[in-house]
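User: I'm new to this one, and I keep bumping into labels I don't fully trust. Could you show me the structure and walk me through where the labels come from?

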Amino acid sequence: MRYEFRVSGHLSPPVAGAFPELDEVTVPEETVLYGPVTDEAHLYGLLVRFQDLGLRVVELRRLPD
């Protein structure tokens with residue numbers, strides 16, 4: 001499975017580094033992180049990481065395989 005996470009604002013390199021399994025693209029006023037998610041536990045772990053870093057996920061979607 002592949003997922004895309006849209007996060008408010010631009011991430012600093014150290015914060016983006018907290019998601020080594022995801023690729024990153026900066027767009028106006030958001031950062032898009034995307035990549036493989038192995039299972040439901042991995043997905044929830046990523047969401048907890050976003051929350052722990054104080055990031056606001058504005059959109060989450062599963063990408064076509």
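**Labels and their cut-offs**

Analyst: Let's begin with glutamate 24, which sits in strand S2. This is a predicted model, in which local features need pLDDT of at least 70 and side-chain atom pairs count only at pLDDT 80 or more, while totals for chains, interfaces and linings use all residues. Residues are numbered from 1 along each chain as its sequence is written, and side-chain values use heavy atoms, with hydrogens and water left out.

User: What makes a stretch such as S2 a strand?

Analyst: A strand is a DSSP run of E with at least two residues, a helix is a run of H or I with at least four, and both are numbered from the N terminus. S2 covers residues 23–27.

User: Why is glutamate 24 called partly exposed?

Analyst: Buried means under 20% relative accessible area and exposed means over 50%, with partly exposed in between (1.4 Å probe, protein chains only). Glutamate 24 has 37%, so it gets the middle label.

User: Which residues does glutamate 24 touch?

Analyst: Leaving out residues up to four places away in sequence, its contacts (heavy atoms within 4.5 Å) include Leu11, Ala16 and Thr31.

User: How do you know that S2 and S3 are paired?

Analyst: Two strands pair if DSSP finds at least two bridges between them. S2 and S3 (residues 30–36) have five, so they pass; they run antiparallel. Aspartate 23 has tyrosine 34 as its bridge partner, and valine 27 has glutamate 30. The two strands form a hairpin with two residues between them, and glutamate 29 in that turn has a positive phi of about 70 degrees.

User: What about S1, and which strands does it join?

Analyst: S1 (residues 2–8) is joined to S3 by seven bridges, antiparallel, and to S4 by six, also in the antiparallel sense. Both counts meet the pairing rule, so both pairs qualify. On the S3 side, arginine 6 stands opposite valine 32; on the S4 side, glutamate 4 is partnered by arginine 61.

User: What order do the strands take in the sheet, and why are some of them edges?

Analyst: The open sheet runs S2-S3-S1-S4, with antiparallel pairing. S2 and S4 (57–63) each have a single partner strand, so one side of each has no neighbour in the sheet. From one strand to the next, the twist averages 20 degrees.

User: Back to threonine 31 in S3: why is it called buried?

Analyst: Its relative accessible area is 0%, which is under the buried cut-off, so the label follows.

User: What makes its link to glycine 9 a polar contact?

Analyst: A polar contact is a pair of N or O atoms within 3.5 Å; within protein, one must be able to donate a hydrogen and the other to accept it, and residues adjacent in sequence count only if both atoms are side-chain atoms. The backbone oxygen of glycine 9 lies 2.8 Å from a polar atom of threonine 31's side chain, so the distance fits. That side chain also reaches the backbone nitrogen of leucine 11 at 3.4 Å, which is within the limit too.

Technical notes
Axes are lines fitted to C-alpha atoms, for helices over the stretch in contact, and angles run from 0 to 180 degrees between N-to-C directions.
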